[in-house]
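Here are my notes on the model you sent over, written as numbered points. I hope they help as you look through it.

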Amino acid sequence: MSNTYYREQPVSPSFDRAPACPFDPAPEVTALRAEQPIARLAAPEGAPGVWLVTGYGLVRQILADPRFSSRYETQYYPLMGYLPPAPTGDLTGMDAPEHTRFRKMLAGKFTVRRMNLLTERITEITRERLDAMERQGPPADLVEVFAQPVPALMICELLGVPYEDREQFQTSTRTLSDAEPDAQYAAFAELGEYLRTLALAKRANPTDDLLSDLATGSDLTDEELGGVAAFLLGAGLDTTANMLALGTFALLRDPAQLAALRDDPGLAAGAVEELLRHLSIAGTGMRGVLEDVELGGRQLKAGDTVILAINAANRDPAKFADPDELDLRRPATGHLAFGHGIHQCLGQQLARVEMRVAFPALLTRFPTLRLAVPAEEVPVRTDPSQIHGVRSLPVTWDRG
């Protein structure tokens, strides 16, 4: 491929969202996708090659290729150096065969059928949270009263958190949206330690829940069991909570799309897929290059790192027509919001069911729901290491 297609000098794009719209990829990344869908990034002298991949086809190819490693210690980030190995039980930082062993234990517990059976309980939890929101009255922070509690309570159900502990559990999970990263990390560590203790207790006294199944029906060590419990918490809470909040924000900014979903709850399944594609809250991923690879006309060396711009790939016009438009009637199948390949999100079906229930229920209960502050005053999470979302979402509505 001719060098006119690629710059010879490394580039330094911003990974922040577009300043004018918190839902869009950074304009530098979008421009790079059109010019060079795989580009070498600037890195310190002597560092391995670091490549930014923005094209849909290339990102999808890498996610399914075992020559690209998910192990954190194979990945070099220009501002941080090599990353430390994944904690025990963190499936996102494993390769086969270790990953295969853990995935096989968990996959049967997150099937479409099993997650659909939870719809009734998700509906009950959603209704309870909307009742509490209505009793409190406007204005309200949607993150605190709705987006965070719904997935948190479902995690309690799945993992078998005792009822007497659930209020404190929710209090700790709310801190995960705190503006200070140190407070978030401390809260996650506290919750992780709680779940490790709970998991070990369930070895002796199992109940009817996923954690008890793993404690009594697998060959996980105590350390692995606790690590998997903490992994399931992180994977099932922050992502869905931020999708509920950011998705509502996006709908409130687009009255026509909001009205379409409110007036036709049957649109929910397709609407969720489009919101996942459009928002891509897990905006980037990383892989370590295990052997020399030719990719998109570039020569990658063993030891290099690729950074995958999932948000840019999900807005690639080569895959989706008018990709920057939010269109809830679009067939958005094939998006990469849940990843692709062996690391495709284990809990994606649970997340889908939660959102398919929650979005229509919220808009039906509060048909006049609207922002309580100007859109530009909504505090957006800007740390590129975090799941994208909002720290709070002030909303109001007309009392019935």
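1. Let me start with a single side chain. This is a predicted model, and in it Q170 sits in helix α8, which covers residues 163-174. Is Q170 buried or exposed? With a relative accessible area of 14%, Q170 is buried, because the cut-off for that label is under 20%. Setting aside residues up to four places away in sequence, Q170 touches P149 and L153.

2. Next, the chain as a whole. It has 15 helices and 12 strands. Along the principal axes, the C-alpha trace spans about 65 × 55 × 35 Å. For 400 residues, a compact globule would have a radius of gyration near 21 Å, and the chain agrees with that at 21 Å. Buried residues account for 54% of the 400 residues. If you look at contacts between residues at least 6 apart in sequence, 68% of them join residues at least 24 apart.

3. Now the interior. In soluble globular proteins, nonpolar side chains tend to be buried together. Here the largest nonpolar core has 49 residues, and those with the most contacts inside it are M133, F249, L251, L261, L369 and L393. Helices α5 (119-136), α6 (142-147), α11, α12, α13 and α15 each supply at least two residues of this core. Which helix gives the largest share? That is α11, with eight residues.

4. F249 deserves a closer look, as one of the residues with the most contacts inside the largest core. Leaving out neighbours within four places in sequence, F249 is in contact with P22, F23, L371, A375, V378, V390 and L393. Apart from the largest core lies another one, of 38 residues, and its members include F110, I122, L158 and L237.

5. Two helix pairs are worth turning over in your viewer. Two packed helices are described by the angle between their axes and the distance between the axes. For helix α11 (residues 222-252) and helix α13 (residues 268-279), the axes come within 11 Å and cross at roughly 90 degrees. The two are therefore roughly perpendicular to each other, α11 against α13. On the α11 side the contact is made by M243, L246, G247, A250 and L251, and on the α13 side by L275, L276 and L279. By class, this contact of α11 with α13 has seven nonpolar residues, one polar and no charged ones.

6. The second pair is helix α12 (residues 255-263) with helix α15 (residues 348-365). Their axes are 9 Å apart and the packing angle is about 95 degrees. Angles of 65 to 115 degrees count as roughly perpendicular, so α12 and α15 earn that description. L258, L261 and R262 of α12 meet F359, P360, L363 and T364 of α15. The residues of this contact divide into five nonpolar, one polar and one charged.

7. Some backbone details to check by eye. Most residues other than glycine have a negative phi, and most peptide bonds are trans. A cis peptide bond joins A96 and P97, with omega about 5 degrees, and P97 lies in the loop between β5 (81-82) and α3 (98-107). P138 and P139 are also joined by a cis peptide bond, with omega about -5 degrees; P139 belongs to the loop between α5 and β6 (140-141).

8. Positive phi values turn up in S280 and D322. S280, which is not a glycine, has phi near 40 degrees and lies in the loop between α13 and β7 (284-289). D322, not a glycine either, has a positive phi of about 45 degrees and is found in the loop between α14 (310-313) and α15. Which of these sites is buried and which is exposed? S280 counts as buried at 2% relative accessibility, whereas D322 is exposed, with a relative accessible area of 59%.

9. My last point is F320, placed in the loop between α14 and α15. F320 is buried, with a relative accessible area of 4%. Not counting residues up to four places away in sequence, F320 touches Y56, R277, N314, R330, A332, T333, G334 and H335. F320 and A332 are 12 residues apart along the chain, and their C-alpha atoms are separated by 7.8 Å.

Methods:
Residues numbered from 1 in each chain as written. Predicted model: local features only at pLDDT ≥ 70, side-chain atom pairs only at ≥ 80, totals over all residues. Heavy atoms only, no water. Axes fitted to C-alpha atoms, helices over the stretch in contact; angles between N-to-C directions. Helix = DSSP H or I, 4+ residues; strand = E, 2+ residues; numbered from the N terminus. Parallel < 35°, antiparallel > 145°, perpendicular 65-115°, else oblique. Contact = heavy atoms within 4.5 Å. Nonpolar A, V, L, I, M, F, W, Y, C, P; charged D, E, K, R; others polar. Core = buried A, V, L, I, M, F, W, Y, C linked by side-chain atoms within 4.5 Å. Buried < 20%, exposed > 50% of the residue type's maximum accessible area, 1.4 Å probe, protein only. Rg over C-alpha atoms; globule rule 2.2 N^0.38 Å.
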